[in-house]
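Colleague: Got a minute to go through this structure with me? I'd like to start with how the helices pack.

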Amino acid sequence: MVTTERAVTALRAFLVLLFGILLLFQTMSLPGQFAHMARENPDDAYLRWPATAVTVFWVLCVQVVIVCTWQLLTLVRTDRIFTEASLAWVDGIVWAVAAAWATLVGVFLWVGFNADDPGLPLLLLLLTTGVSVLGLLMVVMRALLRQATTLRTDMEAVI
């Protein structure tokens, strides 16, 4: 059985790796990809900067989730996860997911009304549904954390 300490350490290592990969995508890969697409297809070159901005924003939202998760892991490690401090970090995750979702819905609607092929709108529908599930799951997890924090506070008051 993996101990919590080992799981937290492994998760932190993967969070650092993921953050680094996302930073690479954010600064080099995504802008370069959209510049290449603009050169290859001049008719769609006007989409270069909006597409770059939106995708970089989505990566930023994921980076916010990573930072908030890191902070929550710190609270787990110090046995302070069931405190009011943890709720602020979960709120950060909820707001980052909500911002990404709102932008994704906008992109989905724009693409849906302008597409002549159902492939991309269906992919965006799948992504929108997945992000919706993730966001709602985080709202439920926040409510559970709030209940656990209240119970722990009540128990400490009794003792």
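**Helix packing and a few side chains**

Modeller: Sure. This is a predicted model. The axes of helix H3 (residues 84-114) and H4 come within 9 Å and cross at roughly 160°.

Colleague: So are H3 and H4 roughly parallel or roughly antiparallel?

Modeller: Roughly antiparallel, because the cut-off for that is an angle over 145 degrees.

Colleague: And which hand does the crossing of H3 with H4 have?

Modeller: Left-handed. The contact of H3 with H4 has 21 nonpolar, six polar and four charged residues.

Colleague: What about H1 and H2, at what angle do they pack?

Modeller: About 170°, with the axes 10 Å apart. H1 covers residues 4-40 and H2 covers residues 48-77. That angle makes H1 and H2 roughly antiparallel to each other.

Colleague: How many nonpolar residues are in the contact of H1 with H2?

Modeller: 23 nonpolar, alongside eight polar and four charged.

Colleague: Switching to Thr153. Where does Thr153 lie?

Modeller: In helix H4, which spans residues 119-158.

Colleague: Is Thr153 buried or exposed?

Modeller: In between. Thr153 counts as partly exposed because its relative accessible area is 44%, and that class runs between 20% and 50%.

Colleague: How far is Thr153 from Glu84?

Modeller: Their C-alpha atoms are separated by 9.9 Å. Along the chain, Thr153 and Glu84 are 69 residues apart.

Colleague: Now the rings. How many aromatic pairs are there?

Modeller: The count of aromatic pairs is zero.

Colleague: What sits over the ring of Trp70?

Modeller: The charged end of Arg12, 4.3 Å from the centre of that ring.

Conventions: Residues numbered from 1 in each chain as written. Predicted model: local features only at pLDDT ≥ 70, side-chain atom pairs only at ≥ 80, totals over all residues. Heavy atoms only, no water. Phe/Tyr/Trp six-rings, centres within 6.5 Å; stacked < 30°, edge-to-face > 60°. Lys NZ or Arg CZ within 6 Å of the ring centre and 35° of its normal. Helix = DSSP H or I, 4+ residues; strand = E, 2+ residues; numbered from the N terminus. Buried < 20%, exposed > 50% of the residue type's maximum accessible area, 1.4 Å probe, protein only. Axes fitted to C-alpha atoms, helices over the stretch in contact; angles between N-to-C directions. Parallel < 35°, antiparallel > 145°, perpendicular 65-115°, else oblique. Left-handed = near helix turned anticlockwise from the far one by under 90°. Nonpolar A, V, L, I, M, F, W, Y, C, P; charged D, E, K, R; others polar.
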